[in-house]
Amino acid sequence: MIKKGIYFISGIDTDIGKTVATGVLARQLLDDGVNVITQKLVQTGNEDFSEDIARHRQIMNKCFLEDEQGLTAPQVFSYPASPHLAARLKQKTLDLTKIQQATEQLAENYDVVLLEGAGGLCVPLTEDLLSIDYIQQQQYPVILVTSGRLGSINHTLLSLNTLKQYGVTLYAVVFNAIHDAKDQVIAYDTRAYLQRYLTKNFPQTQWIELAKL
């Protein structure tokens with residue numbers, strides 16, 4: 001399903017299920033015998049640890065020395081906000097070089113690195129750099145997490161068009177059915193619409209569905 005390399009896990013919105021999706025994908029790869037690890041690009045809303053990495057490990061049922069070394073969450077800020085604001089409130093600047101070096105070090109020791117972003121593609125990492133800018137610079141293929149909730153079609157299509165605009169490879173779309181949608185009629189139609197859209201406009205893209213844990 002997922003070949004060797006670094007994959008950027010992004011979402012169509014905040015709280016769309018990126019963390020659970022990342023953990024589940026990693027667990028599936030582990031079960032298939034793939035040497036895989038997850039990383040968080042930047043964690044906000046925590047002190048000295050990443051709750052998203054902790055959730056990955058819970059789902060994967062596995063611990064990593066790299067967590068203790070700080071490689072899997074190289075930048076953590078306490079204020080629960082966009083990275084550019086969370087860093088500014090601490091009178092700091094996001095250290096992108098530190099993040100990149102940590103990712104490269106993980107990639108030397110693991111066949112697959114699943115790099116979970118913060119929010120959506122256009123979240124500001126710094127005052128001058130969006131997440132999509134960083135993804136483009138690093139040439140990471142993207143795994144985009146969507147859902148069946150109301151508004152997901154609009155947010156998904158905007159995200160897909162952003163990837164196309166920046167020339168970034170869309171590797172897969174993950175339809176997160178782990179959390180119940182409030183309206184199953186909308187959820188069913190959203191799934192069908194997005195599958196048709198991808199078949200027509202992104203025919204090489206994988207479609208992955210996550211069922212309940």
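This passage walks through a parallel sheet and the helices that pack around it in a predicted model. Residues are numbered from 1 along each chain as its sequence is written. In this predicted model, local features need pLDDT of at least 70 and side-chain atom pairs count only at pLDDT 80 or more, while totals for chains, interfaces and linings use all residues; side-chain values use heavy atoms, with hydrogens and water left out.

Helices (H or I, at least four residues) and strands (E, at least two) are DSSP runs, numbered from the N terminus. Six strands build an open sheet in the order β2-β5-β1-β6-β7-β8, and their pairing is parallel; two strands pair if DSSP finds at least two bridges between them. The edges belong to β2 and β8 (206–210), each with a single partner strand, so one side of each lacks a neighbour in the sheet. On average, neighbouring strands of this sheet are turned by 25 degrees against each other, direction ignored.

Strand β5 (residues 112–120) is a good place to look more closely. Nine of its nine residues are buried, so β5 is largely enclosed by the rest of the structure; buried means under 20% relative accessible area, exposed over 50%, and partly exposed in between (1.4 Å probe, protein chains only). Strand β2 (residues 36–40) pairs with β5 over five bridges in the parallel sense, with Ile37 opposite Val113 and Thr38 opposite Leu114. Strand β1 (residues 5–11) is joined to β5 by six parallel bridges, and here Ile6 has Val113 as its bridge partner. Between β1 and strand β6 (residues 142–147) there are four bridges, again parallel, and Phe8 is partnered by Val142 in β6.

Helices cover parts of this sheet. Helix α2 (residues 51–60) packs on the sheet and touches β2 and β5, its direction making about 160 degrees with that of β2. Contact means heavy atoms within 4.5 Å. Helix α8 also packs on the sheet, touching β6, β7 (170–176) and β8, and its direction makes about 160 degrees with that of β8.

Helix α8 (residues 184–201) also meets helix α7 (residues 152–166): their axes come within 10 Å and cross at roughly 20 degrees. Axes are lines fitted to C-alpha atoms, for helices over the stretch in contact, and angles run from 0 to 180 degrees between N-to-C directions. The two helices α7 and α8 are therefore roughly parallel to each other, a label for angles under 35 degrees, with over 145 counting as roughly antiparallel, 65 to 115 as roughly perpendicular and the rest as oblique.
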